[in-house]
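Trainee: Hi! Have you got a few minutes to go through a structure with me?
Mentor: Sure, put it up and ask away.

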Amino acid sequence: MPQTLSVIKADIGGFVGHSSMHPEVLDYGREQVAQAVQDGLLIDGQAQACGDDMFLILSHDRGEDDETLHKFAWDTFQGGTEVARKLHLYGAGQDLLVDAFSGNIRGAGPGSAELELVERPSEPIIVFMGDKTSAGAFNLPFYKMFADPFNTAGLVIAESLHDGFAFEVHDIANNKKAVFQSPDEIYDLLVFIGSPAHYAVKRVVTRSTGEVAAVSSTDKLSLIAGRYVGKDDPTAIVRCQGNFPAVGEVLEPFSTPYIVEGFMRGSHYGPWMPVSLRDANPSRFDGPPRVVALGFQLAEGKFIGPRDMFDDPSFDNSRKEANTISDILRKHGPFEPHRLPLDEMEYTTMPVVAEKMASRWTAL
Ligand code: F6R
Ligand code: MG
Ligand code: MG
C-alpha cells in the first residue's frame, strides 16, 4: 500500500513580530497531531517550526488531496490561531485567507507539498522548511540536486541516477504546467525556472522508475489574496539514496547561500541561510531568509527523527557568507538590487505616490 507524506504549513501568528513561533502555539500543533495519530487519521506526524511558520509533517495512507486530511490541517491552524490570539501574538491567522474550509487546503492560504511513495526497506527523506522567502526558492537547489553533475556526482557515476530526472514546472500566474526532461532539455528548462517569481518546480520524477523524487509547495499567497498578505515560506520533501541523490548531494546546494526574494516586507532580495532549528528565528531586518533541513528515516510510515541536518559546522562558511551578502545588500537600502523590482514587490506605495505626483511630471 503506498504511503503519502504531506507537509502542510502556515503562518498563524508570530512571536515577536514575524520572527518566530511561540512555544504554546507549537505545543498546540503537536497535541493535535498526536491526537490524530491516536484517532487513526495519521500513521505518524510532527509539528515543527521555522521562523513564524508552523509545518505539519504528516504520514498517512489516504493519498494526495485528501479532504479529511486537509481539513485536519486547516482545523489545526485555526485552533493554533486561537492560541495566538489569546497571547496577542502578531498577525494571528495571517495565512488563513478564506472564511471556511471547502474541500482542499490549496487556494486557502496554507502551503502544501505531498508525495506518494512505496516505502523501501530503508527510506531516508529530508523535509526542508523555509521562512522569509517565496514559492520558487527551491528551483535553484532542485536544479543542483537533480541536474547538475558538479553538485550530484551520482548523475555521472551511479547507474541508478544516470538516466536523469524530469522536472514538472508550474507557471504560477497562469495556472499551467509543463514537464522538462533532464539532461536533454536543461537549456529549455532553465529559461523558465531561472525566473522563480513566475515559474516554480513543483515535482521532480526519476526517469528510470517514474518515482517522485521531490516535491515543493508552490502556493503564492499574494496571487491567492490579490494583495500582500505575507510570504509563501515554502516547504519541500526530497527522497534520498539509491535511485535518488545521496543525503549529502541533497544538502550540498545549500552550501551556497543563493539569493532569494523575501526578507523585510517580502520586498527584498537576500541570501538564503541554511540553519539549525535553534537558529531559525530571522531577526535582522526580518531576515535574512532561512532554511532548515529535517532528516528522517521512515519505518512503516513512522518518522524516525528528525536529525537537524544543517546543525553541522560544515555549513558555517555558508552562514558567514550569507551574513556578508546581507551586509552588502543592506547597504543598498531602498535601492535595487536589494529592493525588488517594482512589479515584484509585495508592498508598494507606488500607486499612491504616483497619483500624488502625477501633475509634477511634464514632458521632456
Ligand atoms: C516578511 C515579513 C515581515 C513583515 C514586516 C511588516 O515576510 O513577514 O518582514 O512584512 O515585519 O509586517 P506588518 O506589515 O505585519 O507590520
Ligand atoms: Mg508572519
Ligand atoms: Mg514566515
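Trainee: Let's start with the largest pocket. How does its lining split by class into nonpolar, polar and charged residues?
Mentor: Keep in mind that this is a predicted model. The lining of the largest pocket has twelve charged residues, along with six nonpolar and five polar ones.

Trainee: And what volume does the largest pocket have?
Mentor: About 590 Å³. Its lining is made up of 23 residues, and R106, H170, N175, T218 and D219 are the closest to the pocket centre.

Trainee: Which elements give two or more residues to that lining?
Mentor: Four strands and a helix, if you go through the names: β4 (111-117), β6 (165-171), β7 (176-182), β8 (199-206) and α6 (221-225).

Trainee: Let me pick β8 from those. How many of its eight residues are buried?
Mentor: Six of the eight, so β8 is largely enclosed by the rest of the structure.

Trainee: What about β6 and β8, do they pair in the parallel or the antiparallel sense?
Mentor: Antiparallel, over seven bridges. If you want a spot to look at, D171 has Y199 of β8 as its bridge partner.

Trainee: How many bridges join β8 to β9?
Mentor: Three, and those two strands also run antiparallel, with β9 covering residues 212-216. Look for V204, which stands opposite A214 in β9.

Trainee: How many residues sit between β8 and β9 in the hairpin?
Mentor: Five. While you're in the turn, check G210, which has a positive phi of about 80°.

Trainee: Okay, changing topic to the metals. Which residues are the protein donors of the magnesium ion (ligand 3)?
Mentor: D52, D53, D131 and D233, each through an OD atom, at 2.0 to 2.1 Å from the ion. Along the chain, the donors of the magnesium ion (ligand 3) follow the spacing D-D-x77-D-x101-D.

Trainee: Are D52 and D53 buried or exposed?
Mentor: D52 is buried, with a relative accessible area of 1%. D53 counts as buried too, at 0% relative accessibility.

Trainee: And which residues are the donors of the magnesium ion (ligand 2)?
Mentor: There you have D11 (OD), H18 (ND1) and D52 (OD), lying 1.9 to 2.2 Å from the ion. Their spacing along the chain is D-x6-H-x33-D.

Trainee: How far apart are the magnesium ion (ligand 2) and the magnesium ion (ligand 3)?
Mentor: They lie 4.8 Å apart, and D52 bridges them. D11 lies in the loop between β1 (3-10) and α1 (23-38), while D52 lies in the loop between β2 (44-50) and β3 (53-60), so the pair ties together parts that are 41 residues apart in sequence. D11 and D52 are both buried.

Trainee: Nice. While we're at α1, where is G29 found?
Mentor: G29 is in helix α1, and it counts as buried at 0% relative accessibility. It also has a partner from elsewhere in the sequence: F77 is 48 residues away along the chain, with 7.7 Å between the C-alpha atoms of the two.

Trainee: How many residues of helix α3 are buried?
Mentor: Eight of the nine in α3 (residues 139-147), so that helix is largely enclosed by the rest of the structure. The buried residues of α3 are N139, P141, F142, Y143, K144, M145, F146 and A147.

Trainee: Back to empty space for a second. How many cavities of 30 Å³ or more are there?
Mentor: The count comes to one. The largest cavity has a volume of about 50 Å³, and its lining includes K9, D95, S217, D219 and D232. By class, that lining has four nonpolar, three polar and four charged residues.

Trainee: Last topic, the whole protein. How many helices and strands does the secondary structure have?
Mentor: Nine helices and 15 strands. Of the 364 residues, 55% count as buried.

Trainee: What is the radius of gyration?
Mentor: The protein has 20 Å, which agrees with the value near 21 Å that a compact globule of 364 residues would have. As for the box, the C-alpha atoms fill roughly 70 × 50 × 40 Å along the principal axes.

Trainee: Great, thanks for the walk-through!

Terms used: Residues are numbered from 1 along each chain as its sequence is written. Chains are lettered from A and ligands numbered from 1 in the order in which they are written. This is a predicted model: local features need pLDDT of at least 70, side-chain atom pairs count only at pLDDT 80 or more; totals for chains, interfaces and linings use all residues. Side-chain values use heavy atoms; hydrogens and water are left out. Donors are N, O and S atoms within 2.8 Å of the metal (3.2 Å for Na, K and Ca); water is not among the atoms, so sites may look incomplete. Buried means under 20% relative accessible area, exposed over 50%, partly exposed in between (1.4 Å probe, protein chains only). On a 1 Å grid over the protein atoms alone, a cavity is a set of points where a 1.4 Å probe fits but cannot get out, and a pocket is an open set with protein on both sides within 12 Å along at least five of seven lines; lining residues have an atom within 4 Å of a point. Grid points are joined across faces, edges and corners, and a volume is the space filled by probe spheres set on the points. Ala, Val, Leu, Ile, Met, Phe, Trp, Tyr, Cys and Pro count as nonpolar, Asp, Glu, Lys and Arg as charged, and the others, Gly among them, as polar. Two strands pair if DSSP finds at least two bridges between them. The radius of gyration is taken over C-alpha atoms; the globule rule is 2.2 Å times the number of residues to the power 0.38.
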